[in-house]
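I opened my notebook for a fresh look at this one. Here is what I looked up, entry by entry.

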Amino acid sequence: MLYTIIPYESIYANQSELNLSNPTIEWVEHRGKWVQIEKKNEQKKIVRLISTNPSDYLANEYQPGSLFE
Amino acid sequence: MKEHFLHILVKKSLRSEGLMDSFIKQEKAESELEETHASSLLEKLKLLGQTDVPTLTDDTNIHCLTIIGQIEGHMQLPPQNKTTKYEHVIPQIVAIEQNPNIKGLLIILNTVGGDVEAGLAISEMLASLSKPTVSIVLGGGHSIGVPIAVSCDYSFIAETATMTIHPIRLTGMVIGVPQSFEYLDKMQDRVVQFVTKHSGVSEEDFKELMFARGNLTRDIGTNVIGKEAVTVGLMNEVGGIGSAMKKLNQLIDEKEVH
């Protein structure tokens, strides 16, 4: 059950209208951290990093937009 | 004797020549390195429009958990929603509890709410963590973000940040049997109980905020901003990262003394 200030119709808005050209985005675990990557033409680009260690966000290899591995 | 001297001289000059050689090589390598560094910098600038930031050492003793967007539990929300996922957050809290190098945890909230069970689960995990925890609400800590914010040992709210307290509701769904209403009421009660137990607000006051009319445009409830959240007893103090870090370090020191 959702308890949120966002109206349900916004959360469950029609998806086909919102992302017509959605590139494949997936979560991978890398050295104990969660990294969201975007796959596009064999290239893996970092979209988002999830870690509780603040220094991970300063590491060059995890900067959003950089290439993964 | 003379021959020996000459030999040394030749050896010396050879060595210096070698030194010179390596010096030139080194200089060359350095300029190449600078070039590659410059190009990688350029690449990064092209990628994001931002450049390197100074790096911390790996052994940071304060970890930070950010809770942003919708809190996602049992149901996977459509991809247009930015979500904080249960399966990401819970193992992180377990890892923080287990890692002896981590002394404290800072929770940064900017959430619009989300799944009740997942939100309460995160709140309970944080409340039962044996390490000092401090939360900051930046921007917003609405709905199920409220119990998460108050679950920490000490809670801060930024001056401009808001928290919306409103009843749990079902939009677009007709309550067919009285049991459904009872179920909803019980679920709401869990939130109320948690918040009143972990903060300075009384059940009466919290419910009054929750069911107040005329404050929100589309709903009943109250939107408390910065200082108001402290006045009603929900949060401990108005402040930002500086005061939160100071408090967390103080709590860590206190814990180490005992």
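**Entry 1: pairing in chain A.** Before counting anything, I noted the rule I would use: two strands pair if DSSP finds at least two bridges between them. I also kept in mind that I am reading a predicted model.

With that rule in hand, I checked strand 3 of chain A, residues 33–40, against strand 4 of chain A, and found antiparallel pairing over seven bridges. Looking for a residue pair to anchor the register, I picked V35(A), which sits opposite L49(A) in strand 4 of chain A. As a reminder to myself, strands of a sheet pair through backbone hydrogen bonds, and they can run parallel or antiparallel.

**Entry 2: the whole sheet.** What is the order of the strands in the open sheet of chain A? I read it as 2-3-4, three strands with antiparallel pairing. The edges are strand 2 (24–30) and strand 4 (43–50) of chain A, each of which pairs on one side only. Ignoring direction, I get an average turn of 35° between neighbouring strands of this sheet.

**Entry 3: salt bridges, chain A.** Next I went through the charged side chains. Side chains of opposite charge can pair when their charged atoms come close. Over all chains, the count comes to seven salt bridges.

One of them joins E61(A) to R31(A), with the closest N and O atoms 3.2 Å apart. I located E61(A) in the segment after strand 4 of chain A and R31(A) in the loop between strand 2 and strand 3 of chain A, so the pair links parts of the chain 30 residues apart. Are the two partners buried or exposed? E61(A) is partly exposed because its relative accessibility is 41%, while R31(A) is exposed because its relative accessible area is 59%.

**Entry 4: salt bridges, chain B.** Here I started with E117(B) and R190(B), whose closest N and O atoms are 2.8 Å apart in a salt bridge. This pair links helix 3 of chain B (residues 116–127), where E117(B) lies, with helix 5 of chain B (residues 178–198), where R190(B) lies, 73 residues apart. I noted E117(B) as partly exposed at a relative accessible area of 28%, and R190(B) as partly exposed at 40%.

Then I turned to K207(B), which forms a salt bridge with D189(B), the closest N and O atoms being 3.8 Å apart. K207(B) is in helix 6 of chain B (residues 203–210) and D189(B) is in helix 5 of chain B, 18 residues apart. K207(B) is partly exposed at 29% relative accessibility, and D189(B) is partly exposed at 32%. I followed the connections a step further and found D189(B), E203(B) and K207(B) linked in a network of salt bridges.

**Entry 5: chain B as a whole.** I stepped back and listed eight helices and eight strands in chain B. Of its 258 residues, 40% are buried. For contacts in chain B between residues at least 6 apart in sequence, I noted that 70% join residues at least 24 apart. The accessible surface of chain B is about 15100 Å², with 57% of it belonging to carbon and sulfur atoms.

**Entry 6: where the chains meet.** How many residues does each chain give to the contact? I wrote down 51 from chain B and 31 from chain A. The area buried between chain B and chain A is about 3500 Å², and carbon and sulfur atoms give 58% of that. I also looked for salt bridges across this interface and the rule finds zero.

Terms used:
Residues are numbered from 1 along each chain as its sequence is written. Chains are lettered from A and ligands numbered from 1 in the order in which they are written. This is a predicted model: local features need pLDDT of at least 70, side-chain atom pairs count only at pLDDT 80 or more; totals for chains, interfaces and linings use all residues. Side-chain values use heavy atoms; hydrogens and water are left out. Helices (H or I, at least four residues) and strands (E, at least two) are DSSP runs, numbered from the N terminus. Axes are lines fitted to C-alpha atoms, for helices over the stretch in contact, and angles run from 0 to 180 degrees between N-to-C directions. Buried means under 20% relative accessible area, exposed over 50%, partly exposed in between (1.4 Å probe, protein chains only). Contact means heavy atoms within 4.5 Å. Accessible areas come from the Shrake-Rupley method with a 1.4 Å probe; for residues, only the protein chains shown count as cover. A salt bridge is a side-chain nitrogen of Lys or Arg within 4 Å of a carboxyl oxygen of Asp or Glu. Buried area is the accessible area (1.4 Å probe) that two parts lose on being put together, summed over both.
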